[in-house]
Amino acid sequence: MTTQPKYLSDTQMSLRPGILDLGLGHPDPTLLPIEAVKRATAKILDDLGLEALSYGWAAGPGPLADWLRARIRNNEGREVRSGELLITAGNSHALDQLLTLHTQPGDVALVETPTYHLAVRILKDHPLQLVPVPTDDEGPQLDALKQTVTDLKRQGKPPRLLYTVPTFHNPTGCSWSMARRLGMIEVATESGFLIIEDDVYRELAYDAPASPSLWSLAPTGVVARLGSFSKSLSPGLRLGWLTAHASLIEKHTSGGLLDSGGGINQFAAMVVSALCQAGDFDVQVSRFQQAYRERRDALLAALAEHLPTCAVQKPGGGFFVWVVLPDGVRSDALLTRAEACGVSFVPGVKPCWAGGGENAIRLAFSLYAPDELREAARRLGEALIPC
Ligand SMILES: Cc1ncc(COP(=O)(O)O)c(C=O)c1O
């Protein structure tokens with residue numbers, strides 16, 4: 001991040017003086033598409049102001065839905081049929097609302113280890129009983145998944161859902177192999193639980209196109225996929241979408257929330273539809289890809305130089321690098337020393353519940369410029385030396 005936003009206190013990002021905080025999984029604000037949003041806002045207000053400022057249709061405005069359908073058909077080869085799409089206020093909102101409508105308190109939710117720590121908070125809000133599934137670089141281990149499901153059924157607590165981030169995973173940056181993708185779908189189909197696929201990083205692919213979504217591979221109804229504009233355009237828009245079986249979408253569109261408030265975030269949805277139709281979505285995604293690819297490569301090279309005893313994998317996309325520390329080094333203990341050296345991160349030990357991250361840390365390369373990332377790696381190396 002090269003310049004400090006003017007009203008930083010009005011955003012979720014809080015930077016501490018003297019600390020390069022690689023714990024923040026935020027886009028660099030200086031890369032956000034301000035001019036494109038300005039143009040699209042003016043166009044929508046001039047052309048369709050009345051619709052944009054009215055209560056919207058429950059499933060979301062037609063122009064954005066049409067654009068998404070075409071993009072999904074072209075990129076994923078699967079048709080979004082009538083009634084299978086809902087515009088949301090982003091993945092956090094969609095996950096929360098999906099859980100409200102699809103689960104009862106105490107239901108069992110399977111989760112990868114480690115997983116996106118803030119999704120854990122949403123799952124716990126409902127409150128669901130979280131059951132970890134051991135996960136490696138290729139995804140949830142299928143034998144362990146099957147055994148867990150069998151054990152839960154025997155206890156009379158069959159899982160209601162599996163929450164997964166299969167593409168450019170948060171926190172590890174990995175993408176699940178095709179074998180694991182198909183295996184997860186098979187287990188879910190046989191056992192009758194819903195896979196909730198958090199697909200927030202799909203557009204941020206740096207080396208090759210992202211792997212097919214679980215939603216595009218699975219029989220209809222097995223997967224509810226959450227998509228978001230937070231990483232491909234900007235998080236302040238609070239806009240995303242859900243592709244799922246029409247009956248699940250219908251639970252949303254016929255529910256009290258949309259009956260009372262109309263389509264979610266109508267104005268932002270109309271603005272984004274104008275932006276996409278003007279061709280600015282692809283321009284912005286390329287801009288992010290170019291900047292983040294350069295940052296990822298700078299961080300990886302600096303980690304190889306300054307943390308040679310750590311295991312680091314190259315992520316093919318997304319925001320994160322997962323660093324496995326040398327044996328015996330705990331991520332929470334390292335955090336204290338790292339902050340004293342002027343660098344911070346998310347320790348794998350607790351927030352990335354449920355287990356599996358005691359000796360690992362999550363570094364985000366999205367927020368800082370390459371030089372700052374190199375300096376952050378140098379400071380990390382300095383913090384690791386006394387270990
Ligand atoms: C895996 C994952 N899901 C969801 C989110 C939040 O998405 P949204 O801004 O669409 O709510 C993030 C943001 O960091 C994320 O990493």
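**Exercise 1. The ligand's neighbours**

Find which of the 13 residues around the ligand come nearest.

*Solution.* Keep in mind that you're working with a predicted model. Start with the shell, which has 13 residues; the nearest of them are Ser92, Asp198, Tyr201, Ser228 and Ser230. Next, sort the shell by character: four residues are nonpolar, six are polar and three are charged.

**Exercise 2. Polar atoms and buried area**

Pick out the side chains that put an N or O atom close to a polar atom of the ligand, using 3.5 Å as the cut-off. Then work out how much of the ligand's surface the protein buries.

*Solution.* Take the ligand's nitrogen side of things first: one of its nitrogen atoms sits 2.6 Å from an N or O atom in the Asp198 side chain. Now go to oxygen. The side chain of Ser230 has an N or O atom 2.6 Å from a ligand oxygen, and for Asn170 a polar side-chain atom is 2.8 Å from an oxygen atom of the ligand. As for area, the ligand on its own exposes 400 Å², and 92% of that is buried by the protein.

**Exercise 3. Odd backbone spots**

Locate the cis peptide bonds that lead into Pro127 and Pro171, then look up the sign of phi at Phe168.

*Solution.* First, a reminder of what you'd expect: most peptide bonds are trans, and residues other than glycine mostly have a negative phi.

- Step one: His126 and Pro127 are linked by a cis bond, with omega about -20°. Pro127 belongs to the loop that runs between helix H4 (117-125) and strand E4 (129-136).
- Step two: going from Asn170 to Pro171, the bond is cis again, and omega is near 20°. Pro171 lies in the loop between strand E6 (159-164) and helix H6 (178-191). Asn170 also turned up in Exercise 2, with its polar side-chain atom 2.8 Å from a ligand oxygen.
- Step three: Phe168 isn't a glycine, yet its phi is positive, about 55°. Phe168 is also placed in the loop between E6 and H6.

**Exercise 4. Helix pairs**

Classify the packing of H2 with H10, H11 with H13, and H5 with H6, and give the hand of each crossing.

*Solution.* The cut-off you need is that angles under 35 degrees count as roughly parallel.

- H2 and H10: the axes of H2 (residues 62-76) and H10 (residues 266-277) come within 8 Å and cross at roughly 45°. The two helices are therefore oblique to each other. Their crossing is left-handed.
- H11 and H13: H11 (residues 280-306) packs on H13 (residues 370-384) at about 25°, the axes being 8 Å apart. So H11 is roughly parallel to H13, and the crossing is right-handed.
- H5 and H6: here H5 (residues 142-154) meets H6 at about 15°, and the axes are 10 Å apart. That makes H5 roughly parallel to H6; the crossing is right-handed.

Key
Residues are numbered from 1 along each chain as its sequence is written. This is a predicted model: local features need pLDDT of at least 70, side-chain atom pairs count only at pLDDT 80 or more; totals for chains, interfaces and linings use all residues. Side-chain values use heavy atoms; hydrogens and water are left out. A residue is near a molecule or strand if one of its heavy atoms lies within 4 Å of it. A polar contact is a pair of N or O atoms within 3.5 Å; within protein, one must be able to donate a hydrogen and the other to accept it, and residues adjacent in sequence count only if both atoms are side-chain atoms. Accessible areas come from the Shrake-Rupley method with a 1.4 Å probe; for residues, only the protein chains shown count as cover. Ala, Val, Leu, Ile, Met, Phe, Trp, Tyr, Cys and Pro count as nonpolar, Asp, Glu, Lys and Arg as charged, and the others, Gly among them, as polar. Axes are lines fitted to C-alpha atoms, for helices over the stretch in contact, and angles run from 0 to 180 degrees between N-to-C directions. Helices (H or I, at least four residues) and strands (E, at least two) are DSSP runs, numbered from the N terminus. Angles under 35 degrees count as roughly parallel, over 145 as roughly antiparallel, 65 to 115 as roughly perpendicular and the rest as oblique. A crossing is left-handed if the near helix is turned anticlockwise from the far one by less than a right angle, and right-handed if clockwise.
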